[in-house]
Amino acid sequence: MDNQKSDVLHGSLGLMVLRTLDTLGPQHGWGIARRIEQISGDALALNQGTLYPSLLRLEQMGWVASKWGTSDNNRRAKFYSITRAGKKQLLAEAKNWERISDILGRFLKPSKESA
Amino acid sequence: MRAIRVFLSRLFGLFRTERLERDMDEEFDFHLQNEVAENLRGGMSSDEALAVARRRFGGVAQVKEAYREAHSLPFFQVLWQDLRFGFRMLRRNPGFSVLAILCLTIGIGATTAVFSWIEGVLLRPFPGVAHQERMMAVAGTYRGVAGAPGDSTDLSWPDFQDFQKNCKLIDAFIVDRITGVTLAIGDRAERARGSVVSANYFDALGVRPILGRGFEPAENFGRNAHPVTVISYQMWKERFHSDPAIIGRAQLLNGMPHTVIGVAPEGFYGTFVGWAMQFWVPVSMQERFSAGEYKLEDRGAPWIEGFVRLKPGVTPQQAQAEMSAVARRLENDYPATNRGRGVRLFPLWKTPFNNAGTLFPMLSVALAVVCFVLLIACANVGNLLLVKAFGRRHEMTVRLAVGAGRGRLLKQLLTEGLILSTIAAACGLLVANWCRNLLPLLLPSRGGVTMRLPGEIDWRVLVLSTGVCLISAVFFGLVPAVQSSKIDLVSALKAESGGVVGGSRRAVLRGGLIVVQVSLSFVLLVGAGLLLKSLGAIQNTSPGFTTHGVLTTWVDLTAAGYDTERARYFQDALTDRLQSLGGVQSVAFARVTPFGYIGYSSAPIAVDGYVTAPDEDATVDYNEVGPGYFATMGIPLVEGREFRRADNETAPLVAVVNEVMAAKYWRGRSPVGSRLQVKGRWMQVVGTAKVSKYRNLAEARKPFFYVAMRQNVNGLSLNIRTSLGPDAATKALVREIHALDANLAPGEVITMQEQVDRTTAVQRVAVTMLGVFGGLALLLAAIGLYGVMSYTVSQRSRELGLRMALGASTSNLLGLVLSYGLALTAGGVMLGAAAALSLTRLMGNLLYNVSPRDPLAFGSAFVVMAIAALAACFLPAYRAARTDPVRALRQ
């Protein structure tokens, strides 16, 4: 398996998950998937399944907690919520992400002009 | 921190797999149903809704696998899988598994047992002693000769102190001279073993008495001034019933009350390989424990055996160089006593004055032998695995076809090998544990006391066995892997139905393993043959005295407090009483019984008309013997007479020389009637005796002479020529001794044959060991050969059937198969013979009068091997010859 590639993907996917849980509160997996798709529109061709290993990893890191509960349609479902450590991580990661995209943006602009 | 948290949660994940599966199913199911419901609302048909939901989710199976992998530790999980699968495979072939594990258990068990003996007897022989890795044995040399057990000399106390003063590289000098005392007086004297030790003994060894104290420096000095003793834990427990008030009590040792000042800790047995010590006395008491010979102030009186402990970082060579320099200085300063005397350090496992030196060559051979057995066992299991791997060819091919990586297959095969060897290693450790105390059982006991030669299974031995186990596991894993990695998918799947199979590569591998097994067993057989022949040669060697009908024992009069005068009177009286008994032909006392532990005296001699060359060693060994000694021992006299009772203190001094000495110093003239000077005293030679063996059967003919015990040091060894057996003789002896002194008792009564046999014990143990393991190896090799042959025959049944159909006769087929088996054997024998020619040289010092290239040993090994090979090949060949061509071709 190509670890590097999936790690990058998991990294950004994890960030999206944390952000979603931060704004919407406790959600089940399907809800998170729908929300990510809604926000990204068609831009992100994501296999919904990949969300679950990513959630598991976030839980193992202690950034997300899970609990079995009852869904709107009265079925047992696993609900995920962001922990305090998760919120801290989200803040740090978001800042980091902005910094990186800012730097990259600056790099990419002049090269366009010179072309 | 986070990493640890993740690791732990994954580790726990390993054990919650069932709940994981349930939860995962439920969660994914929920997800998919929501998605389907959404799609239905969007207007899709139900089939379409499900398909789209699945597609958007991604492969459910793949996601589950990724989820599982993230949930726990994949490495462990795979290992766990392999382990479970491996165990299942073993359970499915119980016959194979039991055979393989048995082979390996023998191999690993035997190796571990020998490792444990080497550890416990040679490398770290002294439990409870600190820094044994820096300890070395120290012995004297005379004219550069030392090394062979029995050939080393001792050191004198003045020399020893000079070494101690002048050697800067050495931490501690330890005197440790074994001695014995008679403790209990009953029907038979009970001997206690002890040591005369330097005062620093306990401190230097790092042994702290559990009661009382060790010795103090002052206790080294003053003639018989410090009658104190430290007793062993065993002695304290058994003889004194663990009396807590033992300190300060007096115990009679060699007729003198000694104050018990300390009790050594449990598990400390002293520093003598082979025997557990029961008491220790300081150097100042030397005279009491050497039959009244005071040697502490005599530089020319060597008696010390001992050890040194090197300072950290000092090499044995440096220490040896420093000590030799001091020895040379002593030679210069004291030429009268020290000319030609040197000093030599030995590693503990070559200690010349205890049993380490004797056991070292035997244990080296044992180690080589068990390594061979281990290799043979491995080759056998390797062959078994090859057969099994062939049966699993289909499984492997399918696995490869559905996408298993070759690395993954290899991992599984290695795991299976590991399971086998781990089980075998565990069983082997049990076996080794049982064998731990086997060594003393192979060696004779003395006076009912068995030797203390325990194997030690400590972490070093465990590490070695684990190493052996791992290496064999890798070997087993790799043998079948070599061939499965060569599987060509298409042809393998096509050729599934059988037919012409078994690529030549496999046949070569299997044949190669057989050749190795045969050659290793051949080497062992040659070794066993050589040792057997050597033992025969030793036992056929006449010692030069009668071994049957002569008993030997001792009556320790010094221990009972007799002075020389009283002792002589007692010995005469006892001799008279015994000689008047029916069945007793003659009786004689002597200082040394041949082949015993007590060393002979040796002295520089001079003979009229014989000029000693400047570099010639003019010292000769001698024995102090009583009247009737030659008649009792059955040593013939060439001329003259033997000692009489009249050769006493007041009579002229007399001596008897042996024929070698007569030839050397009198050059053909008769020595009888001429003079011999011993230690400055002139003696008259009254007889010439036939040469005999003095210390062991293997020794060369050498000059030796006898002096009259009456005119020299008194001895306590008693020899009786009688038709009575040892038991009857003991009864009579006890009766007669009690009639003279009710407080005395004889020591252990044994025949001279027994006395001689004790010196050949090591050779006999070596023969037993090689015989047992050689037989085992032969059996393993024969099983291996049989396996290969039957397998070959079953694989080639179609070919054999065809040959038969084309007109081959039964004997043709028989010959075909037999010749294949015998070709393998011949290859093995040739390889083995080549190996044996170079390896048996290493057994040199175990062999007596047998060349390491003895043709008889090689020839008989060949015959035995050939018979075993024929037996192993015959059944498969017979089966081949009875192939039914019709059935074989239809198959």
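In this predicted model, B:Asp159 and B:Arg299 are both buried. The two side chains form a salt bridge, and their closest N and O atoms are 2.5 Å apart. The pair links distant parts of chain B: B:Asp159 belongs to helix H7 (residues 157–166), B:Arg299 sits in the loop between strand S8 (279–282) and strand S9 (306–310), and 140 residues separate the two. The relative accessible area of B:Arg299 is 15%, a value under 20%, and therefore this arginine counts as buried.

B:Arg299 also meets a second acidic partner, B:Asp162, in a salt bridge with an N to O distance of 2.9 Å. Because B:Arg299 lies in the loop between S8 and S9 of chain B and B:Asp162 in helix H7 of chain B, this pair ties together parts that are 137 residues apart in sequence. B:Asp162 has a relative accessibility of 11%, so this residue, too, is classed as buried. Taken together, the picture is of one arginine, B:Arg299, in salt bridges with B:Asp159 and with B:Asp162.

A further salt bridge can be followed in chain B, between B:Arg213 and B:Glu216, with 3.8 Å between the closest N and O atoms. Here the surroundings of the two partners can be read from their accessibility. B:Arg213 has a relative accessible area of 29%, which makes this residue partly exposed. B:Glu216, at 42%, is likewise partly exposed. Elsewhere in chain B, salt bridges with shared partners join six residues into one network: B:Arg568, B:Asp572, B:Asp576, B:Arg645, B:Glu649 and B:Arg710. Over all chains, the count of salt bridges comes to 38.

The surface offers its own groupings, beginning with charge. A patch of positive charge gathers A:Arg84, A:Lys88, B:Arg2 and B:Arg5. Two helices, one from each of the two chains, supply at least two residues each to this patch: helix H4 (84–114) of chain A and helix H1 (2–13) of chain B. B:Arg5, for example, has its place in helix H1 of chain B. Its relative accessibility is 44%, and B:Arg5 therefore counts as partly exposed. Membership of a patch asks for over 30% relative accessible area and no salt bridge.

A nonpolar patch is also found on the surface, and its members are B:Ile4, B:Phe7, B:Leu8, B:Phe12, B:Phe15, B:Phe76 and B:Leu79, with about 720 Å² of accessible area together. The elements that give two or more residues to this patch are H1 and helix H5 (74–92) of chain B. Helix H1 of chain B gives the most, with four residues. Helix H1 of chain B thus appears in the description of the positive patch and in that of the nonpolar patch. From helix H5 of chain B comes B:Leu79, a residue that is partly exposed, with a relative accessible area of 32%.

Chain A, which contributes helix H4 to the positive patch, contains four helices and three strands. Along the sequence, these elements follow the pattern α-β-α-α-β-β-α. The chain has 115 residues, and 37% of them count as buried. Among the contacts in chain A with a separation of 6 or more, 47% are made by residues 24 or more positions apart. The area exposed by chain A is about 7400 Å², and carbon and sulfur atoms supply 55% of that area.

Two residues of chain B deserve a look for their backbone angles. B:Ser242 has a phi near 50°, a positive value in a residue other than glycine. This serine is located in the loop between helix H9 (233–238) and strand S6 (250–253) of chain B. With a relative accessible area of 28%, B:Ser242 is partly exposed. B:Lys679 has a phi near 50° as well, again positive in a residue other than glycine. The lysine is placed in the loop between strand S17 (675–678) and strand S18 (681–689) of chain B. The relative accessibility of B:Lys679 is 59%, and this residue therefore counts as exposed, a class that begins over 50%.

Terms used:
Residues numbered from 1 in each chain as written. Chains lettered and ligands numbered in written order. Predicted model: local features only at pLDDT ≥ 70, side-chain atom pairs only at ≥ 80, totals over all residues. Heavy atoms only, no water. Patch = residues over 30% accessible without salt bridge, like charges linked within 9 Å, V, L, I, M, F, W, Y side chains within 5 Å. Areas by Shrake-Rupley, 256 points an atom, 1.4 Å probe, with all protein chains shown as cover. Salt bridge = Lys/Arg side-chain N within 4 Å of Asp/Glu carboxyl O. Lys, Arg positive; Asp, Glu negative; His and termini not counted. Charge placed at Lys NZ, Arg CZ, Asp CG, Glu CD. Buried < 20%, exposed > 50% of the residue type's maximum accessible area, 1.4 Å probe, protein only. Contact = heavy atoms within 4.5 Å.
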